[in-house]
Amino acid sequence: MIRDIPTVDDEKNRLFLQQPCAPADIMSAEFDMLVVDLMDTAEHNRYRCAGLSANQIGHAVTVFAMRYGDRFIVIANPVIASASKLTTSSTEGCLSIPNSPPQTVERYKWVRLQYWCPHTERFVTNKFARMDAIIVQHEMDHGKGILI
Ligand SMILES: [Zn+2]
């Protein structure tokens, strides 16, 4: 189901987004519904959305959708196993902060990520580079309650 994406303009929502998220229970029915909602909501916003964290649609768990090629994928309970020594400056916006200018942050150039893949129902390790790596880091910050 397509969900609303509340913004930090609402104080209650800002506090919710700044709260660190817990790992998702990947075997629960709620998790299956969250995956569908994240995919539907990201796809609905595809022209302005590169990634969407579960807490942006009201679930305080470490799950996010991200654009990957010409589609969206969902990543659950990610852990960065290793990362590039070099970083890059990234200028980013956020759907939850629509009324402020883009912010420049330092990001790893690549990350090797361990996570649960709900599409294949497996724990996987994948390397994400360039734009993909930046989206992963932006969305993982959401999971820690960090807004750019
Ligand atoms: Zn964001």
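Here are some exercises, with worked solutions, on the predicted model shown above.

## Exercise 1: Get your bearings

**Task.** Work out how many helices and strands the protein chain has, and in what order the elements run from the N terminus on.

**Solution.**
- Step 1. Start with the count: the protein chain has three helices and seven strands.
- Step 2. Now walk along from the N terminus, and the elements read α-α-β-β-β-β-β-β-β-α.
- Step 3. Turn to overall size. The radius of gyration is 14 Å, close to the 15 Å that the globule rule gives for 148 residues, so the protein chain is as compact as a globular protein of that length.
- Step 4. Along its principal axes, the C-alpha trace spans about 40 × 35 × 30 Å.
- Step 5. Look at the contacts with a separation of 6 or more: 62% of them are between residues 24 or more positions apart.

## Exercise 2: Put the sheet together

**Task.** Find the order of the five strands in the open sheet, and say which strands stand at its edges.

**Solution.**
- Step 1. Begin with β3 (residues 71-83) and β6 (residues 110-117): they run antiparallel and are joined by five bridges. One pair to look up is A76, whose bridge partner in β6 is W116.
- Step 2. Move on to β7 (residues 122-129), which pairs with β6 over eight bridges, again in the antiparallel sense. Here L113 has N126 of β7 as its bridge partner.
- Step 3. The full order is β1-β2-β3-β6-β7, with antiparallel pairing.
- Step 4. The edges are β1 (51-53) and β7; each has a single partner strand, so one side of each is left without a neighbour in the sheet.
- Step 5. Check the twist: on average, neighbouring strands are turned by 40° against each other, direction ignored.
- Step 6. Add the helices. α2 (residues 29-44) packs on the sheet, where it touches β1, β2 (63-68) and β3, and its direction makes about 110° with that of β3. α3 packs on the sheet too, touching β1, β2, β3, β6 and β7, with its direction at about 165° to that of β2.

## Exercise 3: Inspect α3

**Task.** Decide whether α3 is largely enclosed or largely exposed, using the number of its residues that are buried.

**Solution.**
- Step 1. Check the geometry: α3 covers residues 130-143, 14 residues in total, and reaches 20 Å from its first C-alpha to its last, close to the 20 Å expected.
- Step 2. Count the burial. In α3, 11 of the 14 residues are buried, so the helix is largely enclosed by the rest of the structure. Among them are D132, I134, V136, H138, M140 and G143.
- Step 3. For context, buried residues make up 34% of the 148 residues in the protein chain.
- Step 4. Look just past the helix, where G145 takes a positive phi of about 80°.

## Exercise 4: Trace the core

**Task.** Which element gives the most residues to the largest nonpolar core?

**Solution.**
- Step 1. Keep the general trend in mind: in soluble globular proteins, nonpolar side chains tend to be buried together.
- Step 2. The largest nonpolar core has 31 residues, and those with the most contacts inside it are L38, A54, V63, A65, M66 and V136.
- Step 3. Two or more residues come from each of α2, β2, β3, β6 and α3.
- Step 4. α3 gives the most, with five residues.
- Step 5. Zoom in on V136: leaving out residues up to four places away in sequence, V136 touches M66, V111, L113 and F128.

## Exercise 5: Check three individual residues

**Task.** For N77, E121 and D25, find where each one sits and how exposed it is.

**Solution.**
- Step 1. N77 is found in strand β3. It has a positive phi of about 50°, although it is not a glycine. With 18 C-beta neighbours inside 10 Å, N77 counts as partly exposed, because burial takes 20 or more.
- Step 2. E121 lies in the loop between β6 and β7; their hairpin has four residues between the strands. E121 is not a glycine either, yet has a positive phi of about 55°. With 8 other C-beta atoms within 10 Å, E121 is exposed.
- Step 3. D25 lies in the loop between α1 (11-17) and α2. It has 12 C-beta neighbours inside 10 Å, so D25 counts as exposed.
- Step 4. Finish with a distance: D25 and C117 are 92 residues apart in sequence, and 13 Å apart in space, C-alpha to C-alpha.

Technical notes: Residues numbered from 1 in each chain as written. Predicted model: local features only at pLDDT ≥ 70, side-chain atom pairs only at ≥ 80, totals over all residues. Expected span 1.5 Å × (residues − 1). Pairing = 2+ DSSP bridges. Axes fitted to C-alpha atoms, helices over the stretch in contact; angles between N-to-C directions. Contact = placed C-beta atoms within 7 Å. Core = buried A, V, L, I, M, F, W, Y, C linked by C-beta atoms within 7 Å. Rg over C-alpha atoms; globule rule 2.2 N^0.38 Å.
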